[in-house]
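Ready for some practice at reading a structure residue by residue? Take a look at the sequence and the 3D view, and keep both open while you work.

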Amino acid sequence: MIEFSAVHKRYPGGYEALKNVSFSVAEGELVFLLGHSGAGKSTLLKLIPLIERVNSGSVIVGGQNVSKMRPQAIPFLRRNVGQIFQDQKLLYDRSVFDNVMLPLNVTGVHPRDGARRARAALDKVGLLPREKSNPIALSGGEQQRLAIARAIVNRPSILIADEPTANLDAGYAAEIIDLFAAFSQVGVTALIATHDANAVARAAAKVKTRTIELRAGELVAGAPA
Amino acid sequence: MKAWLRLHGMAFGATLGRLAHTPFATLLNVLVIGIALALPAGAYALLMNLQQAARGVSGDPELSVFMALDAKKDEVAAIGPRLKAEALVARVEFKPREAALEDLKKNPAMGDVLVALNQNPLPDAYVVRLKSNDGDALEKLAAGIRGWPKVESVQIDSAWVRRVAAAIDLGRMAVLVLAGLLSFALLAVTFNTIRLQILTQREEIEVSKLLGATDSTIRRPFYYYGALLGLLGGGAAGLIVYAALQFMNRGVAEFSRLYASDFRLEFLPAGDLGAILAFAAILGWMGAWLSVTRHLREFEPR
Ligand SMILES: Nc1ncnc2c1ncn2[C@@H]1O[C@H](COP(=O)(O)OP(=O)(O)OP(=O)(O)O)[C@@H](O)[C@H]1O
Ligand SMILES: [Mg+2]
């Protein structure tokens with residue numbers, strides 16, 4: 001489903017964020033991407049929905065070589081990849097409900113269908129009672145769950161999450177991990193960057209998982225590809 | 001296809017919402033555009049009225065053809081049919097010198113002077129009514145007749161009408177220049193308004209792009225906004241011009257009564273008004289396009 005081959009990523013200014021990274025994630029797998037701060041986890045995830053582009057090597061998503069993708073095709077790739085950003089990127093000028101409607105609005109879904117799907121997604125993360133609130137009024141864990149609801153509302157086949165349990169206490173983190181385990185069970189392919197060992201352990205206890213690790217931009221040898 | 005229509009509908013709805021969300025700023029923008037467009041539109045309306053008035057006063061143009069004093073009777077008589085044969089000529093009226101003298105004698109101020117003369121100083125004349133108001137054709141015809149035998153002089157009675165027409169042409173040029181200049185004002189207003197909107201919606205735009213919004217989905221509401229702003233501004237211009245003409249008509253009514261005329265300033269015809277609205281909407285769209293193209297480029301992700 002996701003395949004990196006000899007990927008190099010150098011940021012303008014010359015910093016080598018990823019060096020010769022190769023791995024793949026099969027359909028329906030739940031893979032954790034480990035690594036210290038600055039190891040290149042976010043960079044790696046951003047290559048999948050083409051927020052960043054590789055300098056060399058190739059990234060294949062759902063059979064498409066995204067490194068060769070035409071600009072007009074990028075939005076359609078992004079609609080099929082649910083993203084949970086490290087900084088969440090919620091919009092605080094509108095309600096919880098409207099935040100979840102955003103991915104549907106940009107694709108022209110009928111408002112009635114959209115509202116139904118948005119409520120279903122909010123229900124899945126347990127935020128339906130808060131649909132009219134402003135995200136600013138939600139707790140950290142609730143905001144994180146809102147970000148998840150927005151990521152899954154388009155029913156993407158791939159989910160990428162950048163430190164979804166960062167800054168959450170154990171209880172909240174466990175809720176979030178249980179959500180990912182549930183998505184995995186229904187066949188969603190997921191790649192989750194984290195340095196939360198407890199979260200990885202909790203997920204592994206529920207569903208089959210795998211971990212890969214980045215160290216200073218390189219995949220740690222020995223991790224099964 | 002349905003999704004596409006819906007995207008348009010949603011963009012339009014969002015645009016209306018945005019306009020209504022900031023009523024004061026919207027009103028100010030509409031007024032600025034309205035005033036900028038009202039100047040050339042108003043000048044154009046006045047010119048049209050002036051042209052109408054000039055046409056009403058002049059009636060059909062006339063030529064007076066004066067014969068030489070030494071022209072013989074048959075030489076004078078030969079001119080009549082020649083005049084009638086001209087394509088532009090509608091009617092020819094011969095005014096013999098004796099009749100002209102009689103007319104003059106009726107004027108009490110002139111009577112004494114004429115009695116003192118022992119000779120008729122007036123020439124035979126033809127008064128020629130013409131079919132056309134075309135100044136150049138008139139001028140050419142007059143020049144031709146001047147060359148005929150024993151014709152002393154030819155006078156175009158409507159020369160001042162031509163002067164008015166020339167002035168109107170000049171005025172029309174001025175209106176065009178004014179419209180061109182003030183179009184830039186409209187362009188600048190929409191450009192800047194949309195620049196501000198893009199800045200305040202920066203987050204929404206960036207997140208939308210991350211979530212898979214196409215470029216056109218992001219641009220569309222701004223285009224609608226620009227076009228709608230232009231349209232509303234054009235409407236405001238129409239209202240301003242209408243109000244100004246109504247106001248001026250009070251003065252005109254007074255003036256017309258003195259001349260026993262029912263002349264009053266007319267509003268722009270529907271076609272011209274429609275053209276102004278369409279022009280304003282297109283300019284607004286263009287301002288939006290320029291602004292969006294200029295400012296969305298800087299956004300991440302691409
Ligand atoms: N836009 C950028 N321009 C230049 N350098 C960047 C950019 N983004 C990231 N980097 C650099 O690339 C390296 C990897 O960054 P990245 O964000 O991928 O790390 P990370 O593993 O996600 O870290 P964290 O756990 O802190 O989120 C860092 O050293 C960072 O300074
Ligand atoms: Mg990161």
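Below are six exercises, each with a worked solution.

Some ground rules come before the work. The model is predicted, so local features need pLDDT of at least 70, side-chain atom pairs count only at pLDDT 80 or more, and totals for chains, interfaces and linings use all residues. Residues are numbered from 1 along each chain as its sequence is written, chains are lettered from A and ligands numbered from 1 in the order in which they are written, and side-chain values use heavy atoms, with hydrogens and water left out.

**Exercise 1. The metal site**

Task: find which residues coordinate the magnesium ion (ligand 2), and where they sit in the chain.

Solution:
- Step 1. The donors are Ser42(A) through OG and Gln86(A) through OE1, at 1.9 to 2.3 Å. Donors are N, O and S atoms within 2.8 Å of the metal (3.2 Å for Na, K and Ca); water is not among the atoms, so sites may look incomplete.
- Step 2. Ser42(A) belongs to helix H1 (residues 41-47) of chain A, while Gln86(A) lies in the loop between strand S6 (81-84) and helix H3 (96-105), so the pair links distant parts of the chain, 44 residues apart. Helices (H or I, at least four residues) and strands (E, at least two) are DSSP runs, numbered from the N terminus.
- Step 3. Now check the cover. Ser42(A) is buried at a relative accessible area of 18%, whereas Gln86(A) is partly exposed at 45%. Buried means under 20% relative accessible area, exposed over 50%, and partly exposed in between (1.4 Å probe, protein chains only).

**Exercise 2. The shell around ligand 1**

Task: describe the residues around ligand 1 and its polar contacts.

Solution:
- Step 1. There are 14 residues around ligand 1, and Ser37(A), Lys41(A), Ser42(A), Thr43(A) and Gln86(A) come nearest. A residue is near a molecule or strand if one of its heavy atoms lies within 4 Å of it.
- Step 2. Sort the shell by type: four residues are nonpolar, eight polar and two charged. Here Ala, Val, Leu, Ile, Met, Phe, Trp, Tyr, Cys and Pro count as nonpolar, Asp, Glu, Lys and Arg as charged, and the others, Gly among them, as polar.
- Step 3. By element, H1(A) gives the most to this shell, with three residues.
- Step 4. Look for polar contacts (pairs of N or O atoms within 3.5 Å; within protein, one must be able to donate a hydrogen and the other to accept it, and residues adjacent in sequence count only if both atoms are side-chain atoms). A polar side-chain atom of Tyr11(A) is 3.5 Å from a nitrogen atom of ligand 1. The side chain of Thr43(A) places an N or O atom 2.5 Å from an oxygen atom of ligand 1.
- Step 5. Taken alone, ligand 1 exposes 630 Å², and the protein buries 65% of that. Accessible areas come from the Shrake-Rupley method with a 1.4 Å probe; for residues, only the protein chains shown count as cover.

**Exercise 3. Gln144(A)**

Task: is Gln144(A) buried or exposed, and what does this residue touch?

Solution:
- Step 1. Gln144(A) is in helix H5 (residues 140-152) of chain A.
- Step 2. Its relative accessibility is 4%, so Gln144(A) counts as buried.
- Step 3. Leaving aside neighbours within four places in sequence, the contacts of Gln144(A) include Ile84(A), Glu163(A) and Leu168(A). Contact means heavy atoms within 4.5 Å.

**Exercise 4. Asp124(B)**

Task: locate Asp124(B) and find its backbone partner.

Solution:
- Step 1. Asp124(B) lies in the loop between helix H5 (108-116) and strand S3 (125-130) of chain B.
- Step 2. Asp124(B) counts as buried because its relative accessibility is 6%.
- Step 3. A polar atom of the Asp124(B) side chain is 2.7 Å from the backbone nitrogen of Arg97(B).

**Exercise 5. Thr217(B)**

Task: which residues does Thr217(B) contact?

Solution:
- Step 1. Thr217(B) is found in helix H9 (residues 215-258) of chain B, and at 14% relative accessibility it counts as buried.
- Step 2. Setting aside neighbours within four places in sequence, Thr217(B) is in contact with Val106(A) and Leu7(B).
- Step 3. A polar contact of 2.7 Å joins the side chains of Thr217(B) and Thr214(B).

**Exercise 6. Positive phi**

Task: where in the model are Ala216(A) and Lys150(B)?

Solution:
- Step 1. Most residues other than glycine have a negative phi.
- Step 2. Ala216(A) has a positive phi near 50°, and this residue is in the loop between strand S9 (210-215) and strand S10 (218-219) of chain A.
- Step 3. Lys150(B) has a positive phi of about 65°, in the loop between helix H6 (135-146) and strand S4 (151-156) of chain B.
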